[in-house]
Amino acid sequence: MKKIKIANIVFNPFINDSRVLKESISLANNRYKVEVIAHGDKNLPKKEKKENFKIIRLNYLDRKVTKSKFAKLKIYLQWIKEVVNYVK
């Protein structure tokens, strides 16, 4: 039987998100193919394997550079577009 793919998308770097961590572990233990898609950070790896699932971090938002609300919105929309393209 083919594994069903699950993408958990979070608007954080996925460092201390215990709810999504527990959910991802549980799904992966029940034979789902799980990937967590999170915001990137300079000090975090872009791809990581944790327990029995993958973490993908897409880096768009630089809080030091992005000051205006319009610029942040534009970057968030680019991030969402990238997530949708990745999940396809």
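Start with Arg-57 and Glu-48. Select both side chains: they form a salt bridge, with the closest N and O atoms 2.8 Å apart. This is a predicted model, so treat every distance on this tour as computed from it. Now colour the pair by accessibility. Arg-57 counts as buried, at 5% relative accessibility. Glu-48 is partly exposed, with a relative accessible area of 27%.

**Stop 2: another salt bridge**

How many salt bridges does the structure hold? It holds two. For the other pair, select Glu-35 and Lys-54. Their side chains meet in a salt bridge of 3.9 Å, N to O. Glu-35 belongs to strand S2 and Lys-54 to strand S4, so this pair ties together parts that are 19 residues apart in sequence. Check how well each partner is covered. Glu-35 counts as buried, at 13% relative accessibility. Lys-54 is partly exposed, at 35% relative accessible area.

**Stop 3: His-39 and Gly-40**

Stay with strand S2 and select His-39, which sits in that strand. Is His-39 buried or exposed? At 6% relative accessibility, His-39 counts as buried. Show what lies around it. Leaving out residues up to four places away in sequence, His-39 touches Val-10, Phe-11, Asn-12, Pro-13, Arg-57, Leu-58, Tyr-76 and Trp-79. Arg-57, from the opening stop, is among these contacts.

Step on to Gly-40. This residue lies in the loop between S2 and strand S3, which covers 47-50. Gly-40 counts as buried, because its relative accessibility is 17% and the buried class ends at 20%. What does Gly-40 touch, not counting residues up to four places away in sequence? The answer is Arg-57, Leu-58 and Asn-59. Now draw a C-alpha to C-alpha line from Gly-40 to Asn-12. The two are 28 residues apart in sequence and 8.1 Å apart in space.

**Stop 4: helix H1**

Select residues 18-29, which make up helix H1. H1 has twelve residues. From first C-alpha to last, H1 reaches 16 Å, close to the 16 Å expected at 1.5 Å a residue. Next, pick out Val-20, Ser-24 and Ala-28, which are buried in H1. Turn the view to look down the axis. The buried residues of H1 fall within an arc of 60°, so they line one face of the helix. An α-helix has 3.6 residues a turn, so residues three or four places apart point the same way.

What covers the buried residues of H1? The cover includes S1, S2 and S4. Rotate to the other side of H1. There, Arg-19, Lys-22 and Asn-29 are exposed.

**Stop 5: just past H1**

Go on to Arg-31, which follows H1 and has a positive phi, near 70°. Then select Tyr-32, in the loop between H1 and strand S2. Tyr-32 counts as partly exposed, with 29% relative accessibility. Show its contacts, leaving aside neighbours within four places in sequence. Tyr-32 is in contact with Lys-3, Ile-4, Ile-6 and Leu-27. Add Lys-5 to the selection. Tyr-32 and Lys-5 are 27 residues apart in sequence, yet 6.0 Å apart in space, C-alpha to C-alpha.

**Stop 6: helix H2**

Select residues 69-87 for helix H2. Its 19 residues should span 27 Å at 1.5 Å a residue, and the end C-alpha atoms are 27 Å apart, which agrees. Which residues of H2 are buried? They are Ile-75, Trp-79 and Val-83. These residues cover an arc of only 85° around the axis, which puts them on the same side of H2. Trp-79 also appeared earlier, as a contact of His-39.

Look at what lies over that side. The cover for the buried residues of H2 includes S1, S2 and strand S4 (53-58). Now turn to the other side of H2, where Phe-70 and Lys-81 are exposed.

**Last stop: a nonpolar patch**

Show the surface and select Phe-11, Leu-73, Leu-77, Ile-80 and Val-84. Together they make a nonpolar surface patch of about 460 Å². Where is Phe-11 found? Phe-11 is in the loop between strand S1 (5-9) and helix H1. Phe-11 also touches His-39, visited at the third stop.

Notes: Residues are numbered from 1 along each chain as its sequence is written. This is a predicted model: local features need pLDDT of at least 70, side-chain atom pairs count only at pLDDT 80 or more; totals for chains, interfaces and linings use all residues. Side-chain values use heavy atoms; hydrogens and water are left out. Patches are made of residues with over 30% relative accessible area and no salt bridge: like charges are joined within 9 Å, nonpolar side chains (Val, Leu, Ile, Met, Phe, Trp, Tyr) within 5 Å. Accessible areas come from the Shrake-Rupley method with a 1.4 Å probe; for residues, only the protein chains shown count as cover. A salt bridge is a side-chain nitrogen of Lys or Arg within 4 Å of a carboxyl oxygen of Asp or Glu. Helices (H or I, at least four residues) and strands (E, at least two) are DSSP runs, numbered from the N terminus. Buried means under 20% relative accessible area, exposed over 50%, partly exposed in between (1.4 Å probe, protein chains only). Contact means heavy atoms within 4.5 Å. The expected span of a helix is 1.5 Å times one less than its number of residues. The arc is that of the directions from the helix axis to the C-beta atoms.
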